[in-house]
Amino acid sequence: MSDEKIATSKSAINVREMCYVAMFTAVISILAQISIPLPLGVPLTMQTFAITLAAVVLGAKYSTYSTIIYLLLGAIGVPVLANFSAGLDKFVGPTGGFLFSFPLMAFIIGYGVEHKDMFKGAYIVFLILGTVANYVVGVVMFCFW
């Protein structure tokens, strides 16, 4: 009887959602390679756009998962970060704050997408809040680096 119960229990995340998370992890990884180097060491990349795109399409929960998986891949050495870089040193350098803020940014924007009917202009407000959170955390860590 316990085997039957296990077989019929609903999974917390289904295969379709796993595929969406994996697909957007790949999209973030690919768009991160499109970058414009700047003299201060923090390049302008399409990562931020990819995080926003994931949040708009997937919502708060799954875009946050996708972003965390992306960061974990970069942390363990898979060259998915900007300029095909990877490693823990990228998280403690001048770009580390921007990387750490990506899950927060994805969650805030995704929450705004899911609750866009909360008040007039909620979607835009949460989009701006997510972007501001990204830049505040990133710039603070950049200044203290």
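The largest nonpolar core of this predicted model has 16 residues, and the ones with the most contacts inside it are Ile51, Tyr70, Leu71, Leu81, Leu99 and Phe102. Helices α2 (15-31), α3 and α5 each supply at least two residues of this core. That fits a familiar pattern: in soluble globular proteins, nonpolar side chains tend to be buried together.

Ile51 is a good place to start looking around. Setting aside neighbours within four places in sequence, Ile51 is in contact with Ile28, Thr67, Phe102, Met105 and Ala106. Apart from the largest core lies another, of 5 residues, with Val21, Phe24, Ala54 and Leu58 among them.

**The chain as a whole**

Now let us step back to the overall layout. The chain holds 6 helices and 2 strands, and from the N terminus on its elements run α-α-β-β-α-α-α-α. Its C-alpha atoms fill a box of roughly 65 × 40 × 25 Å along the principal axes. Of the 145 residues, 39% count as buried. Taking contacts between residues at least 6 apart in sequence, 62% join residues at least 24 apart.

**Helix α5**

Helix α5 covers residues 96-114, which makes 19 residues. From first C-alpha to last, α5 reaches 28 Å, close to the 27 Å expected at 1.5 Å a residue. Where does α5 bend? The bend, of about 40°, is at Phe102, and a proline, Pro103, follows within four residues. Phe102 is also one of the residues with the most contacts inside the largest core. Because 14 of its 19 residues are buried, α5 is largely enclosed by the rest of the structure.

**Ser66, a polar residue on α3**

Ser66 is found in helix α3. Is Ser66 buried or exposed? With a relative accessibility of 0%, Ser66 counts as buried, since the cut-off is under 20%. The side chain of Ser66 reaches the backbone nitrogen of Thr25 at 3.0 Å. Leaving out neighbours within four places in sequence, Ser66 is in contact with Val21, Phe24, Thr25, Ile28 and Leu58. Of these contacts, Val21, Phe24 and Leu58 are among the members of the 5-residue core, while Ile28 is also in contact with Ile51.

**Aromatic pairs**

The structure holds 5 aromatic pairs. Two of them are set out here.

| Pair | Geometry | Centre to centre | Angle between planes |
|---|---|---|---|
| Tyr62 and Tyr65 | edge-to-face | 5.8 Å | 70° |
| Phe91 and Phe100 | tilted | 5.6 Å | 55° |

Tyr62 and Tyr65 both lie in helix α3 (residues 47-76), 3 residues apart, about one turn of the helix. An α-helix has 3.6 residues a turn, so residues three or four places apart point the same way. Even so, the two rings sit in unlike surroundings: Tyr62 is buried, with a relative accessible area of 15%, whereas Tyr65 is partly exposed, at 37%.

The phenylalanine pair can be read in a similar way. Phe91 counts as buried at 6% relative accessibility, and Phe100 counts as partly exposed at 48%. Elsewhere, ring pairs link Phe107, Tyr111 and Phe126 into a cluster.

Key. Residues are numbered from 1 along each chain as its sequence is written. This is a predicted model: local features need pLDDT of at least 70, side-chain atom pairs count only at pLDDT 80 or more; totals for chains, interfaces and linings use all residues. Side-chain values use heavy atoms; hydrogens and water are left out. The expected span of a helix is 1.5 Å times one less than its number of residues. The bend at a residue is the angle between axes fitted to the seven residues ending there and the seven starting there. Buried means under 20% relative accessible area, exposed over 50%, partly exposed in between (1.4 Å probe, protein chains only). Rings of Phe, Tyr and Trp (its six-membered ring) pair if their centres lie within 6.5 Å; planes under 30 degrees apart count as stacked, over 60 as edge-to-face and the rest as tilted. A nonpolar core is a set of buried Ala, Val, Leu, Ile, Met, Phe, Trp, Tyr and Cys residues joined through side-chain atoms within 4.5 Å. Contact means heavy atoms within 4.5 Å. A polar contact is a pair of N or O atoms within 3.5 Å; within protein, one must be able to donate a hydrogen and the other to accept it, and residues adjacent in sequence count only if both atoms are side-chain atoms.
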